[in-house]
Amino acid sequence: MSSGPRHTGWALTPTQVTVTTVGVLLAGLAVVAHRPDLLVVALPLLVVATWARLRRPAADTRVVTALTTPTVGEGNETAVVVTLDHDPAADVCGLDVDPGRRVEAGVRHGALVRALTGRRTTLSVPVRPLIWGRHQLGGGELRLTSTWGGYVSRLLPLGEHELVGLPSPRRLPVRSDALRPAHLIGRHVSRRPGEGAEFAEIRAFRPGDRIRRVHWPTSARTGALHVRTTYAEQDSQVVLLLDVLSDIPHRDPRRPSSVEAAVQAAAHVAGHFTTAGDRVGLRVLGDDSQPVPGGSGRRHLQRLLGALARVAPATDRQPDLQRLRLGLQPGSLLLVLTPLTSTVVVDAVAALARQRLDVAVIDVAPTEMRCQDDSEATAWRLLTLERDRTRDLLERAGVPVVGWQDAASVEDLLRRLQRRRQQAAQR
């Protein structure tokens with residue numbers, strides 16, 4: 001991604017004007033006052049001014065800027081590359097890049113000074129996003145000067161570029177053997193009947209059943225044909241449902257807000273399940289982006305991370321929850337990442353839990369909030385009490401809730417889900 005060509009003219013510098021003026025005045029004064037000493041002082045100034053005038057660049061400068069990689073993981077480096085087609089008389093180039101608040105430049109203060117040779121010069125300034133999201137790189141300036149600083153190009157604003165920082169997933173440190181992948185495809189095996197190897201049930205024969213599926217011992221004992229059915233050899237889907245209807249900032253500006261924590265948690269969980277071979281999908285409430293259907297593999301993980309990096313909170317404040325059709329089969333896993341501040345989202349979670357889905361909630365609200373006055377502190381305490389009450393109600397409804405701290409926070413949640421599945425299988 002590169003900007004279009006930019007052209008600049010050349011203008012006298014204040015230094016050139018000052019040197020020329022002082023040299024001429026001293027030379028004139030030396031002639032009028034018969035002062036050879038003044039002429040000795042004026043002569044070097046006039047030589048430098050004349051030399052700078054003779055080395056005046058004639059051609060305009062053509063500038064093309066680009067990002068080597070417009071999409072990188074948070075904390076990884078890319079570079080702003082500036083290519084200059086300039087006059088050979090150009091002597092020094094100064095490049096100043098303003099990366100923004102959450103992007104760090106690899107040079108001190110984002111400034112780079114380089115001596116120019118030939119007609120083309122390439123400058124590179126390393127930058128790296130400190131956090132996921134879309135970052136606008138722009139506002140940088142470029143200045144070229146000629147020999148002895150006699151002429152300077154006008155300041156050139158660099159072209160704006162969008163740098164996308166992908167959240168960095170880390171595999172969850174799951175230590176329980178019960179939570180490790182035990183199947184060839186993924187951890188969460190489909191509960192949908194179909195072609196496969198895992199036994200489901202023995203039922204009466206129906207038109208269309210294959211003869212090789214007939215279970216002869218049961219058929220001989222009952223006097224009617226019965227068939228052995230299996231579950232489809234396909235993993236059940238894991239869906240991440242993000243609530244970004246509101247963004248709650250942390251008291252410490254260096255700590256993530258609720259939306260930032262939700263995206264980080266979703267990236268960790270998506271990386272864990274896709275590595276385990278499960279199919280993972282993504283839906284976002286409060287954002288006008290398109291949902292990501294279920295898929296697996298490294299390429300699908302990059303698609304999920306790209307969608308997470310482009311989350312814009314509160315761009316869709318009125319999501320139509322009546323049309324929230326996830327298309328999940330019973331036995332699928334639904335992970336809801338929410339600060340538990342929207343009653344609409346909580347009601348939707350409870351309704352989804354009643355549809356025989358494995359639903360779990362990851363609470364991404366910060367533990368402390370930055371309050372400007374006593375009224376905001378009181379409102380935060382009331383909101384905390386309401387959130388605690390909501391967590392209790394969800395727990396009573398059979399929906400486990402865990403607070404997000406880091407990637408290890410999900411381990412307890414997965415243990416509880418596994419324990420509940422085992423209890424349901426024993427009934």
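At 57% relative accessibility, Arg120 counts as exposed, and its partner in a salt bridge is Asp85, with the closest N and O atoms 2.6 Å apart. This briefing describes a predicted model of a protein chain with 427 residues, of which 45% are buried. The secondary structure of the chain comes to 8 helices and 21 strands, and among contacts between residues at least 6 apart in sequence, 73% join residues at least 24 apart.

**Salt bridges**

- The structure holds 7 salt bridges, several of which are described here.
- Asp85 belongs to strand β4 (residues 78-85) and Arg120 to strand β8 (residues 120-129), so their salt bridge ties together parts that are 35 residues apart in sequence.
- Whereas Arg120 is exposed, Asp85 counts as partly exposed, at 24% relative accessibility.
- Arg35 and Asp37 also meet through their side chains in a salt bridge, at 2.8 Å from N to O; Arg35 is partly exposed at 37% relative accessibility, and Asp37 is likewise partly exposed, with a relative accessible area of 39%.
- In helix α7, Glu386 and Arg389 lie 3 residues apart, about one turn of the helix, and they form a salt bridge in which the closest N and O atoms are 3.4 Å apart.
- An α-helix has 3.6 residues a turn, so residues three or four places apart point the same way.
- Both partners of this helical pair are partly exposed, Glu386 at 37% relative accessibility and Arg389 at 48%.
- A network of salt bridges links Asp363, Arg387 and Arg391.

**Nonpolar cores**

- The largest nonpolar core has 40 residues, and the members that touch the most others are Leu240, Leu242, Leu337 and Ile362.
- At least two residues of this core come from each of β13 (161-166), β16, α4 (258-275), β17, α5 (298-309), β19, β20 and α8 (409-426), with α4 supplying the largest share, 10 residues.
- Another core, of 24 residues, lies apart from the largest one, and its members include Trp10, Val80, Leu84 and Val127.
- Once neighbours within four places in sequence are left aside, the contacts of Leu240 are Ala266, Val269, Ala270, Val280, Gly281, Leu282, Arg283, Leu335 and Leu337.
- In soluble globular proteins, nonpolar side chains tend to be buried together.

**Packing of helix α6**

- Helix α6 spans residues 343-353, and its buried residues are Val345, Val346, Ala348, Val349, Ala350 and Leu352.
- These buried residues of α6 pack against the strands β16 (237-243), β17 (279-285), β19 (333-338) and β20 (358-363), and also against helix α7 (374-396).

**Surface**

- The accessible surface of the protein chain comes to about 22,900 Å², and 52% of that area belongs to carbon and sulfur atoms.
- Phe205, Ile211, Trp216 and Leu225 form a nonpolar patch on this surface, with about 420 Å² of accessible area together.
- Within the patch, Phe205 is partly exposed, with a relative accessible area of 30%, and this residue lies in the loop between β14 (199-204) and α3 (216-222).

Note on methods
Residues are numbered from 1 along each chain as its sequence is written. This is a predicted model: local features need pLDDT of at least 70, side-chain atom pairs count only at pLDDT 80 or more; totals for chains, interfaces and linings use all residues. Side-chain values use heavy atoms; hydrogens and water are left out. Patches are made of residues with over 30% relative accessible area and no salt bridge: like charges are joined within 9 Å, nonpolar side chains (Val, Leu, Ile, Met, Phe, Trp, Tyr) within 5 Å. Accessible areas come from the Shrake-Rupley method with a 1.4 Å probe; for residues, only the protein chains shown count as cover. A salt bridge is a side-chain nitrogen of Lys or Arg within 4 Å of a carboxyl oxygen of Asp or Glu. Helices (H or I, at least four residues) and strands (E, at least two) are DSSP runs, numbered from the N terminus. Buried means under 20% relative accessible area, exposed over 50%, partly exposed in between (1.4 Å probe, protein chains only). Contact means heavy atoms within 4.5 Å. A nonpolar core is a set of buried Ala, Val, Leu, Ile, Met, Phe, Trp, Tyr and Cys residues joined through side-chain atoms within 4.5 Å.
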